Structure formats: C-alpha cells, structure tokens
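Colleague: I have not looked at this structure before. Please start with a term I will need, and then take me through the side chains.

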Amino acid sequence: MGGRYLVERLLGVGGMGAVYRARDLLREQFGDPEPYIALKTLSDDFAEYPDAHALLYTEFALTARLSHRHVVRLYGFDVDADSQRAFITLELLKGPTLDQLLSERPDGLAWGELCEIAVPLIEALAYSHSRGVIHGDLKPSNVILAEDGLRLFDYGLGQPLEGVMKNLPRLSRNRFKAWTTRYAAPELLDGAEPSKASDVYALGCLLYEMASGRHPFRRLSAKQARAMALDKELRRPPNLAYGWPTLRAALAFDANKRTARLTQLRDIFRRPAPSRLQRWFGRAHG
C-alpha cells in the first residue's frame, strides 16, 4: 500500500473497515527493529459509497487531534495510487479487546480489575470531549487492553462538536447504518447526530456490563428496551455499593435525563474496594 507498507495479515473487520498488520518498509530499510504498524482501510462493500474516503479522512482528522496515553496513536492518512483505496496507518497494539475479557468473566470483573479499566477508559473519553471530539461508537470491541495500557480506538462514527474543525465535511453517519445497536443511545437510532450524551449512554452500558457481567438491557437495542420498559427492571450490580444513582442516570433513555457527568463516573471507580459491611448495606438498601 502506498509503495511503502507491506500488508501481512488481517487483524479484524468492523462495520465499515478492516485493520491489517503491516510492515513499514521505509522504517525497515533504516534498521528499525520494530517496523510493524496497523493499517486500516475501508471494507470492499463500504468503499463503494461515494463519500466513504471522506469519512475515513474525517476519522483520521478527529483522532489525530487527540494526544492521550489511552487513545490510539495515528501516524498518517494516504491513498494507494494503484487501487485508489484510502488508508490510515496507526500504532500496532497487542492485547485482548474488552469484549474478549468480558467473555471470560460471566459474573463481571473484580473491583480492582474493574477500576483499572474503567478509570482510563473514562479519562480517554473525557479528554476526547474536551478536545471537541465525539467518539460515536463506544463498545467493548473498540477498547483494547494493550501491554502498556488501555487504548480507546475506532472513531469512525465520530463527530466534531459544533464549531470544532469547521472545514471537515459534515457527513451523516446514519445512512451507513453502522451503529452497534445494543450500545447506541435511543436518539441515535431515531436519527439524531452523535453527542456527548450518546457517548455517556454507551459508556454506561460498558460500565454496567463490566461490573455485572451482563448488558443492562439483555443485549437489546435501546429502542427495544425502551418499548419493553426494561429500565424499570434495572438492578444495581452487586459490587457498586456507591455510585449507582450516577450510573443509573448515564443509562437513561431520555437524553435530557442523562445527567451523569464523566467526572462523577470516574470518581466512582477511584474509590477503594467496598468492605463487607458496605456491600451488605448496599444489598439491603439498593
């Protein structure tokens, strides 16, 4: 690709793109002992959309705006001359994704492990928002537990906040129908643009799932769960003796009632592990 990157193998496929392990031949030529990178390009079907390359560039521009130890680091954007296929180069990360870990923890994560993941994840999202970037597709498979720390990645459905990066094309993600419905806020499924509030809803789903081992709404979409009034049946995860009202607010179907702030959610998981008495009190009164 681009006369420089030798694709070696497929790492993963998402709704719009595919990520490959590749060698940077220029770095290799100059003796770099670790010339390996990740290379993301559009899937064959998705590349047929007229403005798909502009969408991929928007992902690059949004993520390149971010410089945080828990957000994936991008290197560049290019278009291969022979195939006319746009691609992004980024750091190659080694480690399981959060969905892989959750599949091994059917009862949820222990408090210490939960906090080690929740705090950097919330910090990465809060930093993105502070830089005017909405992630747009927060879900377990977009969180990787790398050897040197957690990374949030795949801003392919993201948006800049109003007034940020004004010259970027304002593309409607809805017509691509790439949302992962069980983590998408109800307003997204109703046609609204991604927002801080929709990111908070998805984050709430992840935190609940990590704490309990279960999706808060039986892995149904928010629209299905809202129609069945499943929010009325929502129960506090056993290890959340504190902070349940805040997490509950993050999961509100009505965006106007989704009042939980990221700083409040972060502070829940900065607490020490609850004592046996605190856990008993939480069960008795939660």
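Modeller: A residue counts as buried under 20% relative accessible area, as exposed over 50% and as partly exposed in between, with a 1.4 Å probe and protein chains only. The model is predicted, so local features need pLDDT of at least 70 and side-chain atom pairs count only at pLDDT 80 or more, while totals for chains, interfaces and linings use all residues. Residues are numbered from 1 along each chain as its sequence is written, and side-chain values use heavy atoms, with hydrogens and water left out.

Colleague: Buried or partly exposed: how does arginine 219 count?

Modeller: The relative accessibility of arginine 219 is 46%. Because that value falls in the band between the two limits, arginine 219 counts as partly exposed.

Colleague: How many salt bridges does a search of the whole structure find?

Modeller: A salt bridge here is a side-chain nitrogen of Lys or Arg within 4 Å of a carboxyl oxygen of Asp or Glu. Searching the whole structure on that rule gives a total of 20.

Colleague: Which residue forms a salt bridge with arginine 23?

Modeller: The closest N and O atoms of this pair are 3.1 Å apart. The pair links distant parts of the chain, 15 residues apart, with arginine 23 in strand S2 (residues 17-24) and its partner in strand S1 (residues 5-13). Helices (H or I, at least four residues) and strands (E, at least two) are DSSP runs, numbered from the N terminus. The partner of arginine 23 is glutamate 8.

Colleague: Of arginine 23 and glutamate 8, which is buried?

Modeller: Glutamate 8 has 35% relative accessibility and therefore counts as partly exposed. The relative accessible area of the other partner is 19%, so the buried one is arginine 23.

Colleague: Which residues are linked with Arg23 in a network of salt bridges?

Modeller: The pair just described belongs to a network, since Glu8 and Arg23 both appear in it. Besides Arg23, the linked residues are Glu8, Arg21 and Glu28.

Colleague: How many residues apart are glutamate 209 and arginine 219?

Modeller: Glutamate 209 forms a salt bridge with arginine 219, and their closest N and O atoms are 3.4 Å apart. Glutamate 209 is in helix H6 (residues 196-212) and arginine 219 is in the loop between H6 and helix H7 (222-227), so that distant parts of the chain are linked, the separation being ten residues.

Colleague: What is the relative accessibility of glutamate 209?

Modeller: Its partner arginine 219 counts as partly exposed. Glutamate 209 counts as buried, because its relative accessibility is 6%.

Colleague: Which residue meets arginine 266 in a salt bridge?

Modeller: The two side chains meet at 3.3 Å, N to O. The partner has 38% relative accessibility, so it counts as partly exposed: aspartate 267.

Colleague: How many aromatic pairs does a search of the whole structure find?

Modeller: Rings of Phe, Tyr and Trp (its six-membered ring) pair if their centres lie within 6.5 Å; planes under 30 degrees apart count as stacked, over 60 as edge-to-face and the rest as tilted. By this rule the whole structure has seven.

Colleague: Which residue forms an edge-to-face aromatic pair with tyrosine 5?

Modeller: The two rings are 5.9 Å apart centre to centre, with 75° between the planes. Tyrosine 5 lies in strand S1 and its partner in strand S5 (residues 86-90), so the pair ties together parts that are 82 residues apart in sequence. Both residues are buried. The partner of tyrosine 5 is phenylalanine 87.

Colleague: Why are tyrosine 57 and phenylalanine 60 separated by about one helical turn?

Modeller: Tyrosine 57 and phenylalanine 60 form a tilted aromatic pair, 5.9 Å centre to centre and 50° between the planes. They are about one helical turn apart because they lie in helix H2 (residues 52-64) at a separation of three residues.

Colleague: Of tyrosine 57 and phenylalanine 60, which is buried?

Modeller: Tyrosine 57, at 35% relative accessibility, counts as partly exposed. The other ring belongs to a residue with a relative accessible area of 15%, so the buried one is phenylalanine 60.

Colleague: Which residue forms one aromatic cluster with Tyr57 and Phe60?

Modeller: The tilted pair of tyrosine 57 and phenylalanine 60 is part of a cluster. The remaining member is Phe77.

Colleague: The charged end of which residue sits over the ring of tyrosine 36?

Modeller: A charge sits over a ring if NZ of Lys or CZ of Arg is within 6 Å of the ring centre and within 35 degrees of the ring normal. The ring of tyrosine 242 has the charged end of arginine 271 over it, 4.5 Å from its centre. For tyrosine 36 the distance is 4.0 Å, and the residue is arginine 21.

Colleague: What separates the C-alpha atoms of leucine 206 and glutamate 113?

Modeller: Leucine 206 is placed in helix H6. With a relative accessible area of 1%, leucine 206 is buried. Along the chain it is 93 residues from glutamate 113, and the C-alpha separation is 14 Å.
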